[in-house]
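Could you have your viewer ready and follow along, one selection at a time? Each stop names what to pick and what to look for there.

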Amino acid sequence: MTVAAAASAFSALGFFNSGGVGRIQSKKLIPRISARFSIKPSNFSGKNARVQFRTSASGGIQSYDSENEAEPRTYAWPDKKRPRICILGGGFGGLYTALRLASLVWPDEKKPQVVLVDQCEHFVFKPMLYELLSGEVDPWEIAPRFTDLLANTGVQFFKDRVKRFCPSDALGMNPPTVSGAGGTVHLESGLLIEYDWLVLALGAQAKLESVPGAAEYALPFSTLEDARMVDEKLRALERQNFGKDSQIRVAVVGCGYSGVELAATVSERLQDKGIVEAINVENTVLSNAPVGNREAALKVLSSRKVKLLLGYFVRCITEVDKSGIHDKETAKSHRNLILELQPAERGVQSQMLEADLVLWTVGTKSLLPLLEPSDKPHEIPLNARGQAETDETLRVKGHPRIFAVGDSSAFRDSSGKLLPASAQVAFQQADFAGWNLWAAINDRPLLPFRFQNLGEMMTLGRYDGAISPSFIEGLTLEGPIGHTARKLAYLIRLPTDEHRVKVGFSWLAKAAVESVAFLQDNLTKVVSGS
């Protein structure tokens, strides 16, 4: 298990909204009903027991079978008197809450001990995963190690998966005093962490099981591992089709921000070697985006000959039966997958679409409902999407010791509308969660969270992007200007000063190399022309 200490102060509010992975489109209508989810403590299995765990501290849920599960052991906090804060999940909500806590000024006797748990070694700046496919960024730039980011501030990092948590702060059970324990967290490794305060920032994962064949044949795009898998698949297809007349066919399901950014990036990468087809249940792309962003996206997609199949949803995905094809070369060149497209409106014919690669950007699901239940109910209120219902201070309703942020939080604005599960929302909530933890520990009033929408932006390839800031109505920066502005905005929002400096110099060096190469190409053309 990795144990390290946490990094520098970060207190800025606000975050440009990117469709990135934080805004995966979902058209499935879910009624606003509130569910109750029981999270109960149960005994750990003994040695040689076979146990299947299905959840993680952040990102995707993975199955894990343990033949020799370790005996439960309790984490020994360094100081028995100072408050203990456990943060589950190291995405925008979890990591930035930890950094916010580290940046605040605390009385010595009340400075909290903080533990951050995540299943991965790397934090992932998800809105820039697309740049991995285009080759604009290196993995270390957008996926630094937690141990590097959390250096020198006292935050302990555990690389582990969350098995379950058992709160003991339900209203009516224990009074919400500062001195009493708030509950325990059980990790997959067998470690038990007793906490005073808990932050739920477990994130979400792609929802594939609703469409037959999607889980088997489609690739999601919401984690670093997803991006690597998509890149490897594209490389394999590019090698397979090298020197051949056949084109690579890629189907992108969903035309929200994530789908549009993927379609634009992949089509630019493949150029005339491939065909990208984007499927959307609505009759337009980016239906909830600013008009300027939508128009910029349509312009780029059209210029790259991306075929838009609007007004369709995927009914199922099947694999092509190649048993009747005896020639190996013919079998290789034959399309691997078939998507059955059903029209969203009557009077339109269904379609069958062949593809070599299917990229899935529709729908997400919270990880909270998949934590293991047990015998003493301490109910956590969940909405229909599996997110914890919170009050205006981001505390889980009925649990004064638990805060929820990002994809784990069902926070509604003043009009009752659920905030989107985007990086911008999680970033701002982390700032408030850190402050409100400080206020709760120091017996000060908690601040109500107010989301400030600073605008929306997206990448459309190596030299294309679009930004629509909310503070200048009607303005959209697009093309190379929008692309550069977006990268600068995200550079500012990287987690620590040290990492920002390293990445900034790296991007400047790459820009210098590209400029020199561009000048050399132009000089060569001039000389050859003369």
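Select helix α7 (257–270) first. In this predicted model, 14 of its 14 residues are buried, so α7 is largely enclosed by the rest of the structure. Put a distance between its end C-alpha atoms: they are 20 Å apart, which agrees with the span expected for 14 residues at 1.5 Å a residue. Step past the end of α7 and you reach Gln-271, whose phi is positive, near 50°.

Next, pick helix α6, residues 224–240. Its 17 residues should span 24 Å, and the end C-alpha atoms are indeed 24 Å apart. Which residues of α6 are buried? Show Leu-224, Asp-226, Ala-227, Val-230, Asp-231, Leu-234 and Leu-237. They cover an arc of only 160° around the axis, which puts them on the same side of α6. Now turn to the other side of α6, where Glu-232 and Arg-239 are exposed. To see what covers the buried residues, add the surroundings, including α7, α2 (130–134) and β21 (357–360).

Keep Asp-231 on screen and add Arg-235, Glu-238 and Arg-269: these four are linked in a network of salt bridges. Side chains of opposite charge can pair when their charged atoms come close. A search of the whole structure finds 25 salt bridges, so here are some others to visit:

- Lys-299 and Glu-478: the closest N and O atoms are 3.1 Å apart. Lys-299 lies in helix α8 (residues 291–303) and Glu-478 in strand β29, so the pair ties together parts that are 179 residues apart in sequence. Lys-299 counts as exposed at 52% relative accessibility, while Glu-478, at 34%, counts as partly exposed.
- Glu-340 and Arg-315: the closest N and O atoms are 3.3 Å apart. This pair joins strand β19 (residues 337–343) to strand β18 (residues 312–319).
- Arg-82 and Asp-79: the closest N and O atoms are 3.4 Å apart. Arg-82 is partly exposed at 22% relative accessibility, as is Asp-79 at 25%.

For a nonpolar stop, select Phe-471, Ile-472 and Leu-475, which form a surface patch with about 290 Å² of accessible area together. Leu-475 sits in the loop between β28 (465–469) and β29 (477–478).

Finally, zoom out to the protein chain, with its 12 helices and 29 strands. Of its 530 residues, 54% count as buried. The chain exposes about 23700 Å², and carbon and sulfur atoms supply 53% of that area.

Methods:
Residues are numbered from 1 along each chain as its sequence is written. This is a predicted model: local features need pLDDT of at least 70, side-chain atom pairs count only at pLDDT 80 or more; totals for chains, interfaces and linings use all residues. Side-chain values use heavy atoms; hydrogens and water are left out. Patches are made of residues with over 30% relative accessible area and no salt bridge: like charges are joined within 9 Å, nonpolar side chains (Val, Leu, Ile, Met, Phe, Trp, Tyr) within 5 Å. Accessible areas come from the Shrake-Rupley method with a 1.4 Å probe; for residues, only the protein chains shown count as cover. A salt bridge is a side-chain nitrogen of Lys or Arg within 4 Å of a carboxyl oxygen of Asp or Glu. Helices (H or I, at least four residues) and strands (E, at least two) are DSSP runs, numbered from the N terminus. The expected span of a helix is 1.5 Å times one less than its number of residues. Buried means under 20% relative accessible area, exposed over 50%, partly exposed in between (1.4 Å probe, protein chains only). The arc is that of the directions from the helix axis to the C-beta atoms. Contact means heavy atoms within 4.5 Å.
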